[in-house]
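Visitor: Could you take me through the ligand site at close range? I'd like to hear what surrounds the ligand, and how that part fits into the rest of the chain.

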Amino acid sequence: MSTAPFLIQHLEGKSGGRFPVWMMRQAGRYLESYRKIRKDFTFWEMVTQPEVAAEVSLLPLAVLPVDAIIFFSDILTLPYGLGLPIEMRESIGPFLEKPLSQRGDFDIFREFQAKQHTRYVGQALEIIKNKLSPEKALLGFAGAPWTVASYLVEGKSNKHFAQIKGWLYRDPSDLFKALQPLADATVQYLKHQTQSGVDAIQLFDTWLCEMPRHIFKDHYLPMLNQIFHEMRKEKVKTIFFAKGTSHLLPDFKDLACDVLSVDNLLDLKTVDQLTEGNFSLQGNLDPVMLLKAESGLVRKATRLLVQEARGLHKPAIINLGHGILPNTPLENAQAFIEEARALWL
Ligand code: CP3
């Protein structure tokens, strides 16, 4: 019988003597090896060619002893695979010429067939799994319905989320009915990933900060929990990432996930208290610290973070509060990972 990866065993309370560590966006532009490959392909070419996506996913391991590999893709791969014309524009990010604007526009997600529309994701995961040593965890992921929809309805990253919030305030029931087929497609997409070998999945809800509390409680929490309940049946660990959501913390305790990924504004101890020790916590060094500080300061901050993690109810995962930034010096990323690994539980 094969043993579970270190990070999974750790979450199950089988102490390995130290905390597991990895970084969100670890397969990205701060790596010279990534920038080199990126010159030869567009973003979507990298995502849709399994050999390339697998190679890029594994790049961090050549320079950083992380405990988990997240596969290289994007939260918009699902709608892109389904055929929505999403462009990745330099310095703008995801861009959609004709944003979705009404409930009927979301019916397209009823047609989603993960094995057909995102076959390359399963293929990339299988390649990675074969190459990855068994002590490293393979992480799958998807965007959460609210954050994916915010890109599809706005058409691009923006400040005010005026279109989707306009819809939310006008007719919340209608918006959440529109999101349901997307939520169902997300479950199918994540199941495709678990069947292709992932050990845990992370659901990214970057723009949840924009949702008022009563809407979250009444409409969105049940939708998120539907996703987590379905994933529990697959017997994989579930991680939920959101940022700027201190207003939702008292309701987060009702989330049916295993791990909460905490941003760098909150401290782990407060989140642990407000969620009544229900979750393992993941986080939460400020990515700007990695970008700007001397490596000595990065090491010191990592020691303080691990110190805090020792006092939590459940076994924590050391990570950043959000994705690593493109111009981060590799030396600082190495200082963070090495320091976290050198410290005892
Ligand atoms: O973590 C990893 O290394 C795995 C790969 C991954 C990417 N995007 C690769 C990517 C993951 C998990 C994501 C998630 C993602 N994508 C989120 C949620 C997490 C977060 O950071 O908040 C969001 C909101 C997106 C949407 C997105 N994709 C934006 C806003 C952008 C453009 C901004 C930017 O960073 O350039 C992307 C493009 C993107 N996704 C890149 C990468 C490595 C940059 C592409 C390039 O090489 O030009």
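Guide: Here is the ligand site, followed by a short look at the chain around it. This is a predicted model, so to speak of ground rules: local features need pLDDT of at least 70, side-chain atom pairs count only at pLDDT 80 or more, and totals for chains, interfaces and linings use all residues. Residues are numbered from 1 along each chain as its sequence is written, and side-chain values use heavy atoms, with hydrogens and water left out.

The ligand sits in the largest pocket. A pocket, on a 1 Å grid over the protein atoms alone, is an open set of points where a 1.4 Å probe fits, with protein on both sides within 12 Å along at least five of seven lines; sitting there takes more than half of the molecule's atoms within 2 Å of the grid points. There are 22 residues around the ligand, and Arg25, Arg29, Tyr34, Asp74 and Thr206 come nearest (near being a heavy atom within 4 Å).

Now the polar contacts (N or O pairs within 3.5 Å). The side chain of Tyr34 has an N or O atom 2.6 Å from a ligand oxygen. For Arg38 the corresponding distance to a ligand oxygen is 2.7 Å, and for the side chain of His322 it is 2.7 Å. Of the 870 Å² of accessible area that the ligand has on its own, the protein covers 88% (Shrake-Rupley, 1.4 Å probe).

By type, the shell holds 13 nonpolar, five polar and four charged residues; Tyr counts as nonpolar here, Gly as polar, and Asp, Glu, Lys and Arg as charged. Helix 2 (32-38) and strand 3 (93-96) each give at least two residues to this shell.

Stepping back, the chain has 16 helices and nine strands, which are DSSP runs (H or I, at least four residues; E, at least two) numbered from the N terminus. Ser91, in the loop between strand 2 (86-89) and strand 3, has a positive phi of about 60° without being a glycine.

Key: Polar contact = N/O pair within 3.5 Å; in protein donor to acceptor, adjacent residues only side chain to side chain. 1 Å grid on protein atoms, 1.4 Å probe; cavity = no way out; pocket = protein on both sides within 12 Å on 5 of 7 lines; lining within 4 Å.
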